[in-house]
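Here are a few exercises to work through with the structure on screen. Try each task yourself before reading its solution.

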Amino acid sequence: MPKLSATQPLFHAGATATNSTFGPWTEVGEGARIQNSEFLAYAYCDRFADVANTTVGKFANIAAFTRIGPTDHPMDHASLHHFLYRSSYYFGDTPDDAAFFARRAARRTVLGPDTWVGHGAIIRPEVTVGAGAVIAAGAVVTRDVAPYMIVAGVPATPLRRRFSQAVAERMLALAWWDWPHERLRDRLEDFRNLTAEDFLDTCGG
């Protein structure tokens, strides 16, 4: 029996999710916190990942202790403190600032399919990480990342492409991440043993 399921996500000890949805074969690591997010099929995060206001693409790989879509404090107001918007915690007669939370939730981060977010990386709100891109451990991503690009540093800057532009374009056109589960199993040995270019030649990409 497979350890993951087509019908429900696997949550490890202490993981929590609020206002979030999970596709088939998804996994949430120990102590992870998921808020207002969507995990598409096969996506997973490791221990103590914190994911907010994010669409996590198919086959996305999120390492431990990452922050994706971290929320901001109101820097243009007299105070940064959350008594401004979590007001009910401090004043019995005052509700929380619903408009503030709605603005936060609308600032979506998007991880493309088959992306890899390395240990301890941070990806800011409203950033899109393209398909197949790699975020190095400890990077702070403040701008969009092109498909199949490797970025690193603070702030993150491009290091190199994973594949040539021609191979990347062929991989995007093939979009193997949309294949049915059975075809993934049929092609497992090709995934394991072929280079990207040979895989494309073999699979018609």
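**Exercise 1. Find the residue that Ala17 stands opposite in strand 5.**

Solution. Start at Ala17 and look across to strand 5: the residue there is Ile34. Next, check how the two strands are joined: strand 2 and strand 5 (residues 33–35) run parallel, with 3 bridges between them. Strands here are DSSP runs of E with at least two residues, numbered from the N terminus, and two of them pair if DSSP finds at least two bridges between them. Now zoom out: the open sheet has 6 strands in the order 2-5-8-11-14-17, with parallel pairing. Strand 2 (16–18) and strand 17 (140–141) each have a single partner strand, so one side of each has no neighbour in the sheet.

A word on the ground rules: this is a predicted model, where local features need pLDDT of at least 70 and side-chain atom pairs count only at pLDDT 80 or more, while totals for chains, interfaces and linings use all residues. Residues are numbered from 1 along each chain as its sequence is written, and side-chain values use heavy atoms, leaving out hydrogens and water.

**Exercise 2. Trace the open sheet of 8 strands and look at its edges.**

Solution. Follow the order 1-4-7-10-13-16-18-19; the pairing is mixed. At the edges you'll meet strand 1 (10–11) and strand 19 (157–161), each pairing on one side only. For a parallel pair, take strand 4 (residues 27–28) and strand 7 (residues 44–45), with 2 bridges; Glu27 stands opposite Tyr44 there. For an antiparallel pair, go to strand 18 (residues 149–152) and strand 19, joined by 4 bridges. Ala152 stands opposite Thr157. These two strands make a hairpin with 4 residues between them, and Gly153 in the turn has a positive phi of about 105°. Finally, strand 19 is hardly covered: 0 of its 5 residues are buried (buried means under 20% relative accessible area, with a 1.4 Å probe and protein chains only).

**Exercise 3. Are Cys45 and Cys203 buried or exposed, and how many disulfides are there?**

Solution. Take Cys45 to begin with: its relative accessible area is 2%, so Cys45 is buried. Cys203 has 8% relative accessibility, so Cys203 counts as buried too. Now for the sulfur atoms: a disulfide needs a pair of cysteine sulfur atoms within 2.5 Å. By that rule, the count is 0 disulfides.

Terms used:
Buried < 20%, exposed > 50% of the residue type's maximum accessible area, 1.4 Å probe, protein only.
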